[in-house]
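Got your viewer open? Let's take a walk through this model, one selection at a time.

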Amino acid sequence: MRTLAATDRILEVNTRIPLASEIVRWWRDEGGKVVTFGSDAHVPDAVGAGLSAAVDMVEAHGFRPGRRPYDRWTVPG
């Protein structure tokens, strides 16, 4: 994770297959500054399923939304 974070990559949090909270914590601990969300939906009704839980998780690790709804989530500062 440290090596990936050092290259300014972005961690995608999938809402269909929840990412373990420990992975997001590890990402942040190793210098990861940005996360995005993806639903990997294959039918319209599944788009955004699990988003609320994913948002709660990344917020618990210090990530915050940008100014616009489509902005990436970052660590303030």
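## A tour from strand to core

Start by selecting V35 and W73: W73, in β3, is the bridge partner of V35. Keep in mind as you click around that this is a predicted model.

Now widen the view to the strands β2 and β3. They run antiparallel, and two bridges join them. Add β1 and you have an open sheet of three strands, in the order β1-β2-β3, with mixed pairing. Which strands are at the edges? Those are β1 (11–14) and β3, each of which pairs on one side only.

Next, show α3, residues 51–60. This helix packs on the sheet and touches β1, β2 and β3. Compare its direction with that of β2: the angle is about 170°.

Go back to W73 and add F37. How far apart are the centres of their two rings? The distance is 5.3 Å, and the planes are at 90°, so this pair is edge-to-face. The count of aromatic pairs comes to one. Along the chain the two partners are 36 residues apart, with F37 in strand β2 (residues 34–38) and W73 in strand β3. Is each ring's residue buried or exposed? Buried means under 20% relative accessible area, so W73, at 11%, counts as buried. F37 has 24%, so it is partly exposed.

Time to look inside. Select V13, V24, W27, V35, V58, F63 and W73: out of the 13 residues in the largest nonpolar core, these touch the most other members. β1, α2 (21–29) and α3 each supply at least two residues of this core. Which element gives the most? That is α3, with four residues. In soluble globular proteins, nonpolar side chains tend to be buried together.

Zoom in on W27 and show what surrounds it. Setting aside residues up to four places away in sequence, W27 touches M1, L4, A5, R9, I10, L11, G32, K33, V34, V35 and F63. You have already met V35 as the bridge partner of W73.

For the last stop, pick H61, in the loop between α3 and β3 (73–74). Buried or exposed? H61 has a relative accessible area of 16%, so it is buried. Beyond its neighbours within four places in sequence, H61 is in contact with S21, V24, R25 and R28. One of these, V24, was in your core selection.

Note on methods:
Residues are numbered from 1 along each chain as its sequence is written. This is a predicted model: local features need pLDDT of at least 70, side-chain atom pairs count only at pLDDT 80 or more; totals for chains, interfaces and linings use all residues. Side-chain values use heavy atoms; hydrogens and water are left out. Buried means under 20% relative accessible area, exposed over 50%, partly exposed in between (1.4 Å probe, protein chains only). Contact means heavy atoms within 4.5 Å. Rings of Phe, Tyr and Trp (its six-membered ring) pair if their centres lie within 6.5 Å; planes under 30 degrees apart count as stacked, over 60 as edge-to-face and the rest as tilted. Two strands pair if DSSP finds at least two bridges between them. Axes are lines fitted to C-alpha atoms, for helices over the stretch in contact, and angles run from 0 to 180 degrees between N-to-C directions. A nonpolar core is a set of buried Ala, Val, Leu, Ile, Met, Phe, Trp, Tyr and Cys residues joined through side-chain atoms within 4.5 Å.
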